[in-house]
Amino acid sequence: MEILGTTLRICVDDLDSAVLFYERLTGGRAQRFERGGVSVAAVGCFLLMSGPESELEVLRKVAATISVEDLDVAFTALTEAGAKIVAGPVPTPVGRNLIAVHPDGSVFEYVDLRP
């Protein structure tokens, strides 16, 4: 499995203010979308999320988002290595994702970015 990069997940109360800060910090522009009642903005390596606490509580359990070349290859590598896939693969606005629990208990989202 080829890992292309990692995105840091940050839950925020005020998405607009956070976007301004992270756009200034990174020099990049935010890509925004909605997902399951949560407003999301991707700015550089940061994924900012804002929404109802009931939704954010679940999202906070995911340590990071890991970008991979091919989610099917990642699925196979993860399961063969002993990870448990708890969600996905499912389509997203930018590709596909899955949520995996590693044998040590850490939780990660894996995504492949497709046009």
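**View 1. Contacts around Ala64 in the predicted model.** Leaving aside residues up to four places away in sequence, Ala64 touches Thr6, Thr7 and Arg9 as well as Val107, Phe108 and Glu109. Ala64 and Phe108 are also both members of the largest nonpolar core.

**View 2. The largest nonpolar core and a second, separate one.** Twelve residues make up the largest core, namely Ala64, Ile66, Val68, Leu71, Ala74, Leu78, Ala83, Ile85, Leu98, Ala100, Phe108 and Tyr110. At least two residues of this core come from each of strand S5 (64–68), helix H3 (71–81), strand S7 (95–101) and strand S8 (107–113). A second core, separate from this one, has nine residues, among them Val19, Tyr22, Ala41 and Phe46. In soluble globular proteins, nonpolar side chains tend to be buried together.

**View 3. The largest pocket and its lining.** The volume of the largest pocket is about 860 Å³, and 37 residues line it, with Arg9, Leu47, Thr65, Asn97 and Glu109 lying nearest its centre. Sorted by class, this lining comprises 20 nonpolar, eleven polar and six charged residues.

**View 4. Cys11 and Cys45, without a disulfide.** A disulfide is a covalent bond between the sulfur atoms of two cysteines, and a search of the whole structure finds zero of them. The cysteine sulfur closest to that of Cys11 belongs to Cys45 and is 16 Å away, which is too far for a bond, given that a disulfide requires the two sulfur atoms to be within 2.5 Å. Cys11 counts as partly exposed because its relative accessibility is 24%, and Cys45, at 36% relative accessibility, likewise counts as partly exposed.

Terms used. Residues are numbered from 1 along each chain as its sequence is written. This is a predicted model: local features need pLDDT of at least 70, side-chain atom pairs count only at pLDDT 80 or more; totals for chains, interfaces and linings use all residues. Side-chain values use heavy atoms; hydrogens and water are left out. On a 1 Å grid over the protein atoms alone, a cavity is a set of points where a 1.4 Å probe fits but cannot get out, and a pocket is an open set with protein on both sides within 12 Å along at least five of seven lines; lining residues have an atom within 4 Å of a point. Grid points are joined across faces, edges and corners, and a volume is the space filled by probe spheres set on the points. Ala, Val, Leu, Ile, Met, Phe, Trp, Tyr, Cys and Pro count as nonpolar, Asp, Glu, Lys and Arg as charged, and the others, Gly among them, as polar. A nonpolar core is a set of buried Ala, Val, Leu, Ile, Met, Phe, Trp, Tyr and Cys residues joined through side-chain atoms within 4.5 Å. Buried means under 20% relative accessible area, exposed over 50%, partly exposed in between (1.4 Å probe, protein chains only). Helices (H or I, at least four residues) and strands (E, at least two) are DSSP runs, numbered from the N terminus. Contact means heavy atoms within 4.5 Å.
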